[in-house]
Amino acid sequence: MHAVVRVGLTRDKIIAAAARLADEDGFDSLTLAAIARLFDVRLPSLYGHVESVHELKKGVALLALQRLADRTEEAVAGRAGRDALFGLANAHRDFARQHPGLFQASRYPLDGASAAASGGARLARVNHAMLRGYNLEDEDRVHATRLIGSFVLGFSLLELAGSFSHSAPDVELSWNRDIDALDALLQSWASQTNKS
């Protein structure tokens, strides 16, 4: 990658550049030295903007969560039930395929205050709102949110690793059938909860 001309270096510019680098080379490869090379500056020049690699990765994680939350809100808006579930799941999967580094960054551990103010909290609210269409109780919505998150994360990571590329049937068929199965489970879950 060619060095970027240094013009008005800011924290936002550094984080945006780090996000691009994460998608190109992997989130784990992010270092302050790599960012300094990218901007053609000496490493100490970055410390006024990001004081550690943790702060750099935290900034990229917050950006990733914000972008993923924006996409997910848009994908679910005006939809309900199965349609909303598909929108939500597809938003996550598409984000993983288009931005593998940011998808990994979205799982970077954050402190409680940062997590509560992040796009991650918005993602949880979108999940909970989508699940209201299934008439789940509050606690069951938490369980269901974790289930959906685990499915989307697992499927996306396996797909990114090429795990589905060597066998039939087509991965799209599996994805659609799996979402249909989740939808059926959530509907059944709601009916079982309402019986008790």
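**A first walk through an all-helix model**

1. Let us start at a turn in the chain: Asp40 sits in the loop that links helix 2 (32-39) to helix 3. Please keep in mind that this is a predicted model. The phi of Asp40 is positive, near 55°, although the residue is not a glycine. Most residues other than glycine have a negative phi, so this spot deserves a look on the screen. Is Asp40 buried or exposed? Asp40 has a relative accessible area of 57%, and therefore counts as exposed, since the cut-off is over 50%.

2. Now the overall picture. The protein contains 9 helices and 0 strands, and its elements, read from the N terminus, run α-α-α-α-α-α-α-α-α. Its C-alpha trace spans about 65 × 40 × 25 Å along the principal axes. Of the 196 residues in the protein, 41% are buried. If you take the contacts between residues at least 6 apart in sequence, 72% of them join residues at least 24 apart.

3. Two annotated stretches come from UniProt, both in an unreviewed entry. The record lists residues 8-68 as "domain: HTH tetR-type". In the model, that stretch is 64% helix and 0% strand, with 28 Å between its end C-alpha atoms. The record also lists residues 31-50 as "DNA-binding region". Here the chain is 40% helix and 0% strand, and 11 Å separate the C-alpha atoms at the two ends.

4. How do helix 1 and helix 3 meet? Helix 1 (residues 11-25) packs on helix 3 (residues 53-76) at an angle of about 75°, and their axes lie 9 Å apart. The two helices are therefore roughly perpendicular to each other. On the helix 1 side the contact is made by Arg11, Ile14, Ile15, Ala16, Ala18 and Ala19. Helix 3 contributes Glu55, Leu56, Gly59, Val60 and Leu63. Sorted by class, this contact has 8 nonpolar, 1 polar and 2 charged residues.

5. Helix 4 is a good place to practise reading a helix. Covering residues 81-98, helix 4 has 18 residues and reaches 26 Å from its first C-alpha to its last, close to the 26 Å expected at 1.5 Å a residue. Its buried residues are Gly81, Ala84, Leu85, Phe86, Gly87, Leu88, Ala89, Ala91, His92, Arg93, Phe95 and Ala96.

6. One of these residues rewards a closer view: Ala91, which belongs to helix 4. Why does Ala91 count as buried? Its relative accessibility is 9%, and buried means under 20%, so Ala91 falls within that class. Which residues does Ala91 touch, apart from its neighbours within four places in sequence? They are Leu68, Arg71, Thr72 and Ala75. By contrast, try the distance to Ala33: that residue lies 58 residues from Ala91 along the chain, and their C-alpha atoms are separated by 33 Å.

7. Next, a proline in a loop. Pro109 lies between helix 5 (100-105) and helix 6 (112-116). Pro109 counts as exposed because its relative accessibility is 61%. Although Pro109 and His54 are 55 residues apart in sequence, their C-alpha atoms are 10.0 Å apart in space.

8. Asn135 can be read alongside Asp40. Asn135 is placed in the loop between helix 7 (119-132) and helix 8, and has a positive phi of about 60° without being a glycine. With 54% relative accessibility, Asn135 counts as exposed.

9. Helix 8 follows, over residues 138-160. This helix has 23 residues and reaches 33 Å from first C-alpha to last, close to the 33 Å expected at 1.5 Å a residue. Within helix 8, the buried residues are Asp140, Arg141, Ala144, Thr145, Ile148, Phe151, Val152, Phe155, Ser156 and Glu159. After helix 8 comes Gly162, with a positive phi near 80°.

10. Last, a peptide bond to inspect. What kind of bond joins Ala168 and Pro169? The bond is cis, with omega about 0°. Most peptide bonds are trans. Pro169 is located in the loop between helix 8 and helix 9 (171-195).

Methods
Residues numbered from 1 in each chain as written. Predicted model: local features only at pLDDT ≥ 70, side-chain atom pairs only at ≥ 80, totals over all residues. Heavy atoms only, no water. Helix = DSSP H or I, 4+ residues; strand = E, 2+ residues; numbered from the N terminus. Expected span 1.5 Å × (residues − 1). Buried < 20%, exposed > 50% of the residue type's maximum accessible area, 1.4 Å probe, protein only. UniProt positions renumbered as here; feature names shortened; annotations may be inferred. Axes fitted to C-alpha atoms, helices over the stretch in contact; angles between N-to-C directions. Parallel < 35°, antiparallel > 145°, perpendicular 65-115°, else oblique. Contact = heavy atoms within 4.5 Å. Nonpolar A, V, L, I, M, F, W, Y, C, P; charged D, E, K, R; others polar.
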